[in-house]
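Here is my note on the model, written as numbered points for someone reading a structure in their first year. Please keep the sequence and the 3D view open beside the text.

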Amino acid sequence: MNKRKTKYIDYVKFDWIELLGVPLNIRLVENSVERRNDEEVCIFRFQRLAPKEFDAPYVSFVVNDSTGELLSFTNRMLGVPQKNISEKDAFSKASNIIKSINPEYYTGLSFLRIENPKRLFINMDGELEEYPIFSIKFSHLDGSYNWVSLSMNGQVIEYEIKAFWDFDRKRRKTEMWDHDGWVKARYGLGRELNPPCALARDY
C-alpha cells in the first residue's frame, strides 16, 4: 500500500458531500494512493472512530489523482432504510447525480437496466444487516460499466464509473479499493471474492 499522503480537502468537493448525502459525524482514517485501471487514485476512508477497522461502518471516496475525477463512492453507514422511493424516481435521481458530478462523462452513457440486489450494512453494534437496494446501471462509450445505487429511501450508497469487465475470467477487471473483502484479499488478509468480483491478486 502506498502511504503517500494527500489532503482530502483538495480532492473531495463540497458539492459531492451534499449531493451524495455524506454523513457529517465522521473522521478520516485512511489516506493512500493506489492504482485503478493503470492510473493512480487517491483513497479516502472515513469512519466514526479511528483507527481504520475492516468491516466497520465506513464511507469511502476513490478519486483520480491527476484529474480529480470521482471514480467511486461507497456509504456503508446507513440506518434502517424505509421504502419511499419509486423505481422511476430512483432512475431520475441516479441520472442527475452522475450528470451533476461529471457532466462531460454523462454524455457518453446509455441506460442499461435497474437491478434490485441486496447489500450488507454494518449497524452501530457491529452487526450485519441486509437490505434491498436500487442499482441503476449504465454503459459508456469507453466500454465500461457505471452505476448509482440507492437505498429504498433514496440515500446514495454507491457511485461508480469506469468499471471494466474481464470477459475471459467472467469477472470485473477494475480494482475494488472501496470493498473491504477485496482489500483484505489483496494483502493476504482474506480469501478471494467469488465472481463477478475482481481478482485481488495476479495468479
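1. This is a predicted model, and a good place to begin is the hairpin formed by strand 1 and strand 2, where two residues lie between the strands and N37 takes a positive phi near 50°.

2. On either side of that turn, strand 1 (residues 27-36) and strand 2 pair in the antiparallel sense, with nine bridges between them. One position to look for in the viewer is E34, which stands opposite V41 in strand 2.

3. Strand 2 also pairs with strand 3 (residues 59-64), again in the antiparallel sense, and here there are six bridges. In this pairing F46 has V59 of strand 3 as its bridge partner. Strand 2 itself, which runs over residues 39-47, is mostly covered, since seven of its nine residues are buried.

4. Turning to the whole chain, its secondary structure comes to four helices and eleven strands. The radius of gyration is 16 Å, close to the 17 Å that the globule rule gives for 203 residues, so the chain is as compact as a globular protein of that length. The C-alpha trace spans about 40 × 40 × 35 Å along its principal axes.

5. Of the 203 residues in the chain, 49% are buried. If we take the contacts between residues at least 6 apart in sequence, 49% of these join residues at least 24 apart.

6. As for the surface, the chain exposes about 10900 Å², and carbon and sulfur atoms supply 50% of that area. The chain has 30 positive and 30 negative charges, and the mean positions of the two sets are 1 Å apart.

Conventions
Residues numbered from 1 in each chain as written. Predicted model: local features only at pLDDT ≥ 70, side-chain atom pairs only at ≥ 80, totals over all residues. Heavy atoms only, no water. Buried < 20%, exposed > 50% of the residue type's maximum accessible area, 1.4 Å probe, protein only. Pairing = 2+ DSSP bridges. Rg over C-alpha atoms; globule rule 2.2 N^0.38 Å. Contact = heavy atoms within 4.5 Å. Areas by Shrake-Rupley, 256 points an atom, 1.4 Å probe, with all protein chains shown as cover. Lys, Arg positive; Asp, Glu negative; His and termini not counted. Charge placed at Lys NZ, Arg CZ, Asp CG, Glu CD.
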